[in-house]
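Trainee: I have a structure open and would like to talk through its side chains with you. Could we take them one at a time?
Mentor: Gladly, let us have a look together.

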Amino acid sequence: LGASKISKISLAGGAAVSLCDGGFAGGAAWGEDDRIIFSGSKGLMQVPANGGTPTALTTVNAAQGEVSHTRPQFLPGGRQLLFTIQMKDATVGSQFAVLDLAAGTYKTIVRGGANGRYLNSGHLTFVRGSTLFAIPFDLASLTTRGTETPVIETISTSGPTGTADYAVSTDGLLTYFMGTATT
């Protein structure tokens, strides 16, 4: 087997176009500025939507116990990126952070959660164990407000570390696959 490739194909059909080496096991996001961000072996990588050589966007800080950066999502406005930091120490758990794309720096938002997603309702959702939580989130200050609330207690988390099988539409419809926490 050869190296995994990131490819794109028109919804209208046609041949797939390979963009670069890489994969989507750790998630990916396609920004309004036509760049694709995906999880690489040492952090988040980016590649133009027309293809090219991927460049590093973040670097895993192994000295701080980070193992990987996964599940990227552009926040409204396209200037910031939400992502999950997988930690080596299971007692610390995963956390998620917001990357300022212009400055190249990131700030931890919530500790002890994986697969963070921003919703148009102004909430962050994330999974701990097999429970989906939501917490109000202020985009201007990049801070949570209030307390986290359990939403669903049976989200499937099978697959690569940090996986949670749920999605929320732009108008707030939640879909999920039932299951329990797995390793």
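**A buried glutamate and its surroundings**

Mentor: E66 is buried yet has no salt bridge, and the nearest side chain of opposite charge, R111, is 8.1 Å away. Keep in mind that this is a predicted model.

Trainee: Why does E66 have no salt bridge with R111?
Mentor: A salt bridge needs a side-chain nitrogen of Lys or Arg within 4 Å of a carboxyl oxygen of Asp or Glu. R111 is the nearest side chain of opposite charge to E66, so the pair has to be judged on its separation, which is 8.1 Å.

Trainee: Which side chain makes a polar contact with the side chain of E66?
Mentor: Start from the position of E66, in strand β7, residues 66-74. The side chain of E66 reaches a backbone nitrogen at 2.9 Å, that of N61. The side-chain partner, also listed at 2.9 Å, is Y106.

Trainee: Which residues does E66 touch, leaving out those up to four places away in sequence?
Mentor: The list includes Y106, the polar partner of E66. The others in contact with E66 are T59, V60, N61, I85, Q86 and M87.

Trainee: Is Q86 buried or exposed?
Mentor: Q86 lies in strand β8, and its side chain has a polar contact of 2.8 Å with the side chain of S94. Buried means under 20% relative accessible area. Q86 has 6%, so Q86 counts as buried.

**Aromatic rings**

Trainee: How many aromatic pairs does a search of the whole structure find?
Mentor: Y106, which we met beside E66, takes part in one of them, with F83. The search of the whole structure gives a total of four.

Trainee: What is the geometry of the pair that F83 and Y106 form?
Mentor: F83 sits in strand β8 (residues 80-87) and Y106 in strand β10 (residues 105-111), 23 residues apart, and the pair links these distant parts of the chain. The ring centres are 5.2 Å apart and the planes lie at 80°. Planes over 60 degrees apart count as edge-to-face, so the pair of F83 and Y106 is edge-to-face.

Trainee: Which ring of that pair is partly exposed?
Mentor: F83 has a relative accessible area of 0%, so F83 is buried. The partly exposed residue has 28% relative accessibility, and that is Y106.

Trainee: How many residues apart in sequence are Y118 and F137?
Mentor: Their ring centres are 6.2 Å apart with planes at 70°, so this pair is edge-to-face. Y118 lies in strand β11 (residues 114-119) and F137 in strand β13 (residues 131-138). Both residues are buried. The parts that the pair ties together are apart in sequence by 19 residues.

Trainee: Which charged residue sits over the ring of F133?
Mentor: F133 forms one aromatic cluster with F96 and F126. The charged end over the ring of F133 lies 4.9 Å from its centre and belongs to R128.

**Salt bridges**

Trainee: Where does E148 lie, the partner of R128 in a salt bridge?
Mentor: The side chains of E148 and R128 meet at 2.7 Å, N to O. R128 counts as partly exposed at 31% relative accessibility, and E148 does so at 30%. R128 is in strand β12 (residues 123-128), and 20 residues away E148 lies in the loop between β14 (143-144) and β15 (149-152).

Trainee: Which strands does the salt bridge of K5 and D21 tie together?
Mentor: The structure holds three salt bridges, and in this one the closest approach is given as 2.6 Å, N to O. D21 counts as partly exposed, at 43% relative accessibility. The two residues are 16 apart in sequence, with K5 in strand β1 and D21 in strand β2.

Trainee: Is R35, which forms a salt bridge with D33, buried or exposed?
Mentor: The closest N and O atoms of R35 and D33 are 2.8 Å apart. D33 is partly exposed, with a relative accessible area of 43%. R35 has 18% relative accessibility, so R35 counts as buried.

Notes:
Residues numbered from 1 in each chain as written. Heavy atoms only, no water. Helix = DSSP H or I, 4+ residues; strand = E, 2+ residues; numbered from the N terminus. Buried < 20%, exposed > 50% of the residue type's maximum accessible area, 1.4 Å probe, protein only. Lys, Arg positive; Asp, Glu negative; His and termini not counted. Polar contact = N/O pair within 3.5 Å; in protein donor to acceptor, adjacent residues only side chain to side chain. Contact = heavy atoms within 4.5 Å. Phe/Tyr/Trp six-rings, centres within 6.5 Å; stacked < 30°, edge-to-face > 60°. Lys NZ or Arg CZ within 6 Å of the ring centre and 35° of its normal.
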